Amino acid sequence: MLSCHGDRLGGSPREPPSLSPWLTYEERARLQEEALALPDLPTTTIGSFPQTTAVRAARAAWRRGEMDDSAYEQAMRAEIADVIAAQERLGLDVLVHGEPERDDMVRYFAERLAGYWAPRHGWTQSYGSRYVRPPILFGDVSRPAPITVPWTSYAQSLTDRPVKGMLTGPVTMLAWSFVRDDQPLAATAEQVALALRDEVGDLERAGAAVIQVDEPALRELLPLRRADRETYLEWAVRAFRLTTAGVANATQIHTHMCYAEFGDILEAIAALDPDVISLEAARSGSGAMAELACSGHAGAVGPGVWDIHSPRVPAVEALAARIRAAQDVFGDRAWVNPDCGLKTRQPTEVDAALTNLVAAARLVRAEAPPGLAAASPA
């Protein structure tokens, strides 16, 4: 069992909607357990599924005006239906709609928010051979209309299992854009957070019981000067909480972070107060898990057990060993998921790897008594 130096902080209360009491994570978790009825070691994915040639061709034809809106919507709905059916066949517990309509996790939202402009050109190297076209945030940000709600609602209509609503968080929206510099970044972050908060609220009202707000760039914007870090983390945490904290206590809030050294922002991660955080751990191993467990984060954790940047399909026993390691640290707060989205993988790889992931989770569930007590630091 994990041992931490110092005291572990309790769960921080979520800012309530107008009629809800303030509850800690543990209190929220009981409501969510009743609402979602998930097994121990719930299985899920991070959000995206492979962007197939057919999906990319449909989007390109639509942008060129060769496919009308109705035909494009039907193409995306067909892909979503296939993704939902595949996840049900594979036996995943919390599903995603697969994000076939999104070419980029920031640009997609920027194209639909007032105050942003998404240029047609302006390709910028992200990493390796990956290039993106960062949008330009030039004015006051607002959300003219729901963005993800129709796709998520359609996906949820196809299954009785929970489907996650999926959004990009306010800090990442700033980090991967060119942002106006005529006002403090904190003020711009608050505008983006309020726009996304509208989307979160509409997702919840449409029936989404699980909503994920990704913040992979939280560590990336950390100032180099230590004197500036506290101020940054204060407004970054506030922006995330402003986006997510208005939902009912029974609505489960997820976030995702990947490929960064989190050791110097662990208290800020705990202050985000998500119900579930998924993070890259397939490469970094148990170190990141131990740090997070001792950080004060009271919620559930899904350390990635499958490195999706490799074409290799992990074996069941290798996945089971990683799940056991997560369970040793987090007890019944452990989730099972890949370490990042599946957009760049091939469908055959995804099918085989997720088959093994679900089998490994079931194998480890069978080894442990139901309701294994959560790990507590000494």
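Lysine 343 is in contact with Ser48, Phe49, Pro50, Gln51, Arg56, Arg102, Asp103, Asp104 and Arg130, once its neighbours within four places in sequence are left aside. The model in which these contacts appear is a predicted one. The protein has 378 residues, of which 54% count as buried, and it contains 12 helices and 10 strands. Among the contacts with a separation of 6 or more, 77% are between residues 24 or more positions apart.

**Lysine 343 and its surroundings**

- Lysine 343 sits in the loop between α11, which covers 316–330, and α12, which covers 347–367.
- Lysine 343 is buried and yet has no salt bridge, for the nearest side chain of opposite charge, that of aspartate 104, is 5.4 Å away.
- Because a salt bridge needs a side-chain nitrogen of Lys or Arg within 4 Å of a carboxyl oxygen of Asp or Glu, the 5.4 Å between lysine 343 and aspartate 104 does not qualify.
- The side chain of lysine 343 does, however, reach the backbone oxygen of aspartate 103, at a distance of 2.4 Å.

**Isoleucine 308 and the loop it belongs to**

- Isoleucine 308 lies in the loop between β10 (300–303) and α11, and with a relative accessible area of 2% this residue is buried.
- Not counting residues up to four places away in sequence, isoleucine 308 touches Pro338, Asp339, Cys340, Gly341, Leu342, Thr344 and Arg345.
- The C-alpha atoms of isoleucine 308 and leucine 342 are separated by 6.7 Å, although the two residues are 34 residues apart along the chain.

**The largest pocket**

- The largest pocket has a volume of about 960 Å³, and of the 41 residues that line this pocket, the closest to its centre are Met105, Tyr127, Arg130, Trp176 and Cys340.
- The elements giving two or more residues to the lining of the largest pocket are β2 (124–127), β3 (130–132) and β5 (164–168).
- The largest share of that lining comes from β2, which supplies four residues.
- Two of the residues named here also appear in the contact lists above: Arg130 is in contact with lysine 343, and Cys340 is touched by isoleucine 308.

**Salt bridges**

- Side chains of opposite charge can pair when their charged atoms come close, and in this protein the count comes to 25 salt bridges.
- Aspartate 351 forms a salt bridge with arginine 89, in which the closest N and O atoms are 2.6 Å apart.
- This pair links distant parts of the chain, since aspartate 351 belongs to helix α12 and arginine 89 to helix α3 (residues 69–90), with their positions 262 residues apart.
- Aspartate 351 counts as partly exposed, at 26% relative accessibility, whereas arginine 89 counts as exposed, at 54%.
- Arginine 324 forms a salt bridge with glutamate 317, and the closest N and O atoms of this pair are 2.8 Å apart.
- Both partners of that bridge are partly exposed, arginine 324 with a relative accessible area of 23% and glutamate 317 with a relative accessible area of 45%.
- The side chains of arginine 345 and glutamate 349 meet in a salt bridge with an N to O distance of 2.6 Å.
- Arginine 345 counts as buried at 12% relative accessibility, and glutamate 349 likewise counts as buried at 15%, because buried means under 20% relative accessible area.
- A network of salt bridges links Arg63, Asp103, Arg107, Glu111, Arg112 and Arg133, and Asp103 is also the residue whose backbone oxygen the side chain of lysine 343 reaches.

**Backbone angles in two loops**

- Glutamate 99 has a phi near 60°, which is a positive value in a residue other than glycine.
- Glutamate 99 is found in the loop between α3 and α4 (107–110), where this residue is buried with a relative accessible area of 11%.
- Aspartate 273 has a positive phi of about 60° although this residue, too, is not a glycine.
- The place of aspartate 273 is in the loop between α9 (266–272) and β9 (276–279), and at 7% relative accessibility aspartate 273 counts as buried.

Technical notes. Residues are numbered from 1 along each chain as its sequence is written. This is a predicted model: local features need pLDDT of at least 70, side-chain atom pairs count only at pLDDT 80 or more; totals for chains, interfaces and linings use all residues. Side-chain values use heavy atoms; hydrogens and water are left out. Buried means under 20% relative accessible area, exposed over 50%, partly exposed in between (1.4 Å probe, protein chains only). Lys and Arg count as positive and Asp and Glu as negative; His and the chain ends are not counted. A polar contact is a pair of N or O atoms within 3.5 Å; within protein, one must be able to donate a hydrogen and the other to accept it, and residues adjacent in sequence count only if both atoms are side-chain atoms. Contact means heavy atoms within 4.5 Å. On a 1 Å grid over the protein atoms alone, a cavity is a set of points where a 1.4 Å probe fits but cannot get out, and a pocket is an open set with protein on both sides within 12 Å along at least five of seven lines; lining residues have an atom within 4 Å of a point. Grid points are joined across faces, edges and corners, and a volume is the space filled by probe spheres set on the points.
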